[in-house]
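Me: I'm new to reading protein models, and I'd like to understand how the descriptive words are earned. Could we go through some of them together?

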Amino acid sequence: MFQLPFPVHDANANTKGEPLGNLPEWNLDDLYTGENAPELKRDSDWLEEACASFARDYEGKLVTLDSDGLLDCVLRNEKINQVAGRIMSYAGLRYYQMTTDAGRAKFMSDSQEKITNYTTPLVFFTLELNRLDDTHMEGLLAANAKLARYKPVFDRIRAMKKYQLSDELEKFMHDLGVVGDAWERLFDETIAGLEFEIDGEQLNIEGTLNFLTDPDRAKREAAARELADVFGSNIKTFARVHNTQAKEKEIIDRWRGMETPQTGRHLSNDVEPEVVQALRDAVVAAYPKLSHRYYELKRKWLGLDVMQVWDRNAPLPMEDPTIVNWDQAEKTVMDAYTAFDPRMGEIAKPFFSDGWIDAGVKPGKAPGAFAHPTVTDVHPYVMLNYLGKPRDVMTLAHELGHGVHQVLAAGQGEMLSSTPLTLAETASVFGEMLTFRKMLDGAETKAQRKIMLAGKVEDMINTVVRQIAFYDFECKLHAARAGGELTPENVNEIWMSVQGESLGPAFEFMDGYETFWAYIPHFVHSPFYVYAYAFGDGLVNALYAVYAEGDEGFEDKYFDMLKAGGSKHHKELLAPFGLDASDPKFWDKGLSMISGFIDELEAMEE
């Protein structure tokens, strides 16, 4: 099979060759033991027949079903989702382990096409649900408590009622989805296949981005300029992907009658547009007291007249460059989780012991980090690209939080377990905060405390300020694309229009930085996803304040919130804590925590 040439890397060392310990790898056997596993063929064959029989039994008949009949229908649909999800989880995770492997790419593509073909006859299910009269639907739910449990699912489906097309067009849209998937794969494979050269060493994108946090300013600059050169050489491909994806979305939104490009994301997030707008406005208004103020402090610490983009994530001069090996990282996070509640430590333990984490940086492996929930009768898998930096420990805490959330929510079943993106970041950011607070409490000197506070502020700025700037970029990009094809230069200009505003006057921008939109995967895979990070951070900051105040029974309420999965609206989930995200002042609470950390850092300078 064809594979792009890559240099040999030690997966258990960082970019400087320092040992990181025994980094875990995924054991995917809990899904399937291989492409040719008999269980995989069994499930694929079952899925084909289950989809066909579901369509035979129910198409055109939902309106005739009583409450027991509709419950049976829903349960059969849920089982289909579970089996299809298991197959695609296996295909996707294998692919992300080595995106440059043509065999894995083909297996994932073939699996996706097969499942799309099997499930196309099921498109009628949501269409017919949406055609049921409101009074009729209410009567069915009132008659059957087990069916009523699925009301949140029905509500989310029926929120799309006004945007629904004809059955024929909906089936066409469903089939056409594989084309959009192909553009996403082109993006993934292009990113994974990029080669960068720093000091004569060939690196992939993850290793190159890592140099942006190197203590040596010359290396940071070299990495930034190399990134700009390589992005610039490939910018037409990235612009084509973004143009195509944005145009496809515009066409679909127009046919559906969506009011804005963001409407679909807000609906899927089960969040009101005005709540997102309040979040966005609060963060943008806070730029001067958050990012602008912090980066001015950092400029002074670095002894610079002006900061360049390669200084944004530079380690502080007083920072300890010690590499955190894997065992230390595991202990740090596990201690923090267990100190909050031993139940959380117990849930987290098998991630480390049972092959649920893939941590090493390897040639062809997808960049970044994620927690994939797979399906509710298996368990989540966490992917990292661990290089031993303190921030990598925070990434571990973050993704493990997702994993814990996904394990707890699995009890809701396939259709109710997954949370809207706005709530999906709750446990991950909370897990980070627990880990940070434990490390901060253990600081032995003022200098250590300063380093930890500064690192946390930077992470929060990256989560809140940077992501809202990303959101503004996307809003502007989709608005501009509606007016016609965008040249790479057009996209570059939109990118720069939000960067200066969010980062502030401490920065100067090198030539080539205008292309750095090119590698952000969320813009391609999940348009407008990014505000969920800021939403989650603000929500958790407010939540943590309640915990820090000693709210009685907080741990039990917190576990109940995670166990709820997607079965409750954010208003209902936050009510036990006395919080309400629809209150405009809610976001100021979260932002004031970041501002308070910066206050403490400024006080240390006096």
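Me: Why are α24 and α27 called roughly perpendicular to each other?

Reply: Happy to help, and keep in mind that this is a predicted model. The axes of α24 and α27 cross at roughly 80 degrees and come within 8 Å. Angles from 65 to 115 degrees count as roughly perpendicular, therefore α24 and α27 earn that description.

Me: Which residues of α24 and α27 meet?

Reply: From α24 there are A534, F535, D537, G538, L539, N541, A542 and Y544. Their partners in α27 are F586, W587, G590, M593 and I594. Sorted by class, this contact has nine nonpolar, three polar and one charged residues.

Me: What makes α17 roughly perpendicular to α25?

Reply: The same kind of reasoning works here. Helix α17 (residues 390-409) and helix α25 (residues 554-563) have axes that cross at roughly 75 degrees and come within 7 Å. With 65 to 115 degrees as the range for roughly perpendicular, α17 fits that word relative to α25. On the α17 side the contact is made by H405, L408 and A409, and on the α25 side by F559, L562 and K563. Those residues divide into four nonpolar, one polar and one charged.

Me: How do you know that α14 and α22 are roughly perpendicular?

Reply: Their axes cross at roughly 70 degrees, coming within 7 Å. The range for roughly perpendicular is 65 to 115 degrees, so α14 and α22 qualify. Here S291, H292 and Y295 of α14 meet E501, S502 and L503 of α22. By class, this contact divides into two nonpolar, three polar and one charged.

Me: Why is helix α14 called mostly covered?

Reply: Count its buried residues: eight of the eleven in α14 (residues 291-301) are buried, where buried means under 20% relative accessible area. They are S291, R293, Y294, Y295, L297, K298, R299 and W301. What covers them includes β3 (307-308), α20 (446-463), α21 (465-481), α22 (488-503), β7 (507-508) and α27 (584-605). Just after α14 comes G303, with a positive phi of about 70 degrees.

Me: How do you know that the length of helix α8 is close to what is expected?

Reply: Set one number beside the other. Helix α8 (residues 167-193) has 27 residues, and its first and last C-alpha are 40 Å apart, while 39 Å is expected at 1.5 Å a residue. There is also a bend of about 30 degrees in α8, at L176.

Me: Which elements do the buried residues of α8 pack against?

Reply: They pack against α2 (67-97), α4 (124-131), α9 (205-210), α11 (235-256) and α23 (522-525). Among the buried residues of α8 are E170, M173, G180, E184 and F187.

Me: What makes the phi of T374 worth pointing out?

Reply: Most residues other than glycine have a negative phi. T374 is not a glycine, yet its phi is positive, at about 50 degrees. You will find T374 in the loop between β5 (370-372) and β6 (381-383).

Me: Why is T374 called buried?

Reply: Its relative accessible area is 9%, and the cut-off for buried is under 20%, so T374 is buried.

Me: What about F528: buried or exposed?

Reply: F528 has 0% relative accessibility, so it counts as buried. Its place is in the loop between α23 and α24 (531-548). F528 is a residue other than glycine with a positive phi, near 70 degrees.

Me: Why does V271 count as buried?

Reply: V271 has 5% relative accessibility; since buried means under 20%, V271 counts as buried. V271 lies in the loop between α12 (263-268) and α13 (273-286). Leaving out residues up to four places away in sequence, V271 touches H266, V276, T422, Y531, F535 and H570.

Me: How far apart are V271 and H569 in sequence and in space?

Reply: They are 298 residues apart in sequence and 8.3 Å apart in space, C-alpha to C-alpha. For another pair, T263 and Y386 are 123 residues apart in sequence and 36 Å apart in space, C-alpha to C-alpha.

Me: Why does T263 count as buried?

Reply: T263 is at 10% relative accessibility. With under 20% as the cut-off, T263 therefore counts as buried. T263 is found in helix α12, and T263 touches Y163 and M258, not counting residues up to four places away in sequence.

Terms used: Residues numbered from 1 in each chain as written. Predicted model: local features only at pLDDT ≥ 70, side-chain atom pairs only at ≥ 80, totals over all residues. Heavy atoms only, no water. Axes fitted to C-alpha atoms, helices over the stretch in contact; angles between N-to-C directions. Helix = DSSP H or I, 4+ residues; strand = E, 2+ residues; numbered from the N terminus. Parallel < 35°, antiparallel > 145°, perpendicular 65-115°, else oblique. Contact = heavy atoms within 4.5 Å. Nonpolar A, V, L, I, M, F, W, Y, C, P; charged D, E, K, R; others polar. Expected span 1.5 Å × (residues − 1). Bend = angle between axes of the 7 residues up to and from the residue. Buried < 20%, exposed > 50% of the residue type's maximum accessible area, 1.4 Å probe, protein only.
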